[in-house]
Amino acid sequence: MRVLDTNESTRSRMSRQRSRDTGVEMALRRALHASGLRYRVHRRPLKGVRREADIVFGPAKVAIFVDGCFWHGCPEHATWPKRNSAFWREKIEKNRARDRDTDVRLKEAGWASVRVWEHESAIEAAVRVAAIVEARRPGRPRVIRSL
């Protein structure tokens with residue numbers, strides 16, 4: 001990867017971006033918990049694959065990834081910085097390729113991969129996730145509390 005030619009304020013701002021427990025992720029976790037679902041956070045769904053899901057439902061084999069619009073190149077909200085544009089385009093495209101590869105690996109191992117964009121409503125995303133988890137749960141399905 002190329003050396004990043006940025007000024008100090010940009011470097012400082014980017015280094016403060018959280019990669020875990022973001023506001024969107026916490027809102028989604030609260031909504032899922034309120035609906036009665038229990039999960040693990042920041043786990044690697046597959047042994048030997050160095051990729052961590054934000055929320056994992058182990059028995060149902062569902063991995064949730066909360067993706068930031070900038071870092072993962074959201075089709076609706078992605079922006080391409082003018083400064084160091086080649087560096088950022090390469091970085092974001094690599095993130096997108098890694099996301100696709102992760103989804104393929106999980107699918108091959110029998111997992112469902114769910115991508116939630118940071119701009120999505122936490123409640124709507126929780127309803128979508130809950131439906132997927134319940135459909136994949138081994139044994140008889142449970143009743144989910146309404147959100």
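**Figure 1. The cavity of the predicted model.** The count comes to one cavity of 30 Å³ or more in this predicted model. The volume of the largest cavity is about 50 Å³. Its lining is made up of Pro 45, Leu 46, Val 49, Arg 51, Phe 65, Thr 102, Arg 105 and Leu 106. By residue class, this lining comprises five nonpolar residues, one polar residue and two charged residues. Helix H3, which spans residues 85–108, gives the most to the lining of the largest cavity, contributing three residues.

**Figure 2. Arg 115 and Phe 65, a residue of the cavity lining.** Phe 65 is among the residues that line the largest cavity. The charged end of Arg 115 sits over the ring of Phe 65, at 4.2 Å from the ring centre.

**Figure 3. The aromatic cluster.** Five aromatic pairs are present in the structure. One of them joins Phe 87 and Trp 88 in an edge-to-face arrangement, with 5.0 Å from centre to centre and 85° between the planes. Phe 87 and Trp 88 are both buried. Together with Phe 70 and Trp 71, these two residues form one aromatic cluster. Residues 87 and 88 fall within the range of helix H3, residues 85–108.

**Figure 4. Arg 89 and the ring of Trp 80.** The charged end of Arg 89 is placed over the ring of Trp 80, with a distance of 3.8 Å to the ring centre. Residue 89 also belongs to the range 85–108 of helix H3.

**Figure 5. Cys 69 and Cys 74, two cysteines without a disulfide.** A search of the whole structure returns zero disulfides. For Cys 69, the closest cysteine sulfur is that of Cys 74, and the separation of 3.8 Å is too far for a bond. The cut-off applied here requires the two sulfur atoms to lie within 2.5 Å, so a pair at 3.8 Å does not qualify. Cys 74 is likewise in no disulfide, its nearest cysteine sulfur being that of Cys 69. Are these two cysteines buried or exposed? Cys 69 has a relative accessibility of 5% and therefore counts as buried, the criterion being a value under 20%. Cys 74, with a relative accessible area of 2%, is buried as well.

Terms used
Residues are numbered from 1 along each chain as its sequence is written. This is a predicted model: local features need pLDDT of at least 70, side-chain atom pairs count only at pLDDT 80 or more; totals for chains, interfaces and linings use all residues. Side-chain values use heavy atoms; hydrogens and water are left out. On a 1 Å grid over the protein atoms alone, a cavity is a set of points where a 1.4 Å probe fits but cannot get out, and a pocket is an open set with protein on both sides within 12 Å along at least five of seven lines; lining residues have an atom within 4 Å of a point. Grid points are joined across faces, edges and corners, and a volume is the space filled by probe spheres set on the points. Helices (H or I, at least four residues) and strands (E, at least two) are DSSP runs, numbered from the N terminus. Ala, Val, Leu, Ile, Met, Phe, Trp, Tyr, Cys and Pro count as nonpolar, Asp, Glu, Lys and Arg as charged, and the others, Gly among them, as polar. Rings of Phe, Tyr and Trp (its six-membered ring) pair if their centres lie within 6.5 Å; planes under 30 degrees apart count as stacked, over 60 as edge-to-face and the rest as tilted. Buried means under 20% relative accessible area, exposed over 50%, partly exposed in between (1.4 Å probe, protein chains only). A charge sits over a ring if NZ of Lys or CZ of Arg is within 6 Å of the ring centre and within 35 degrees of the ring normal.
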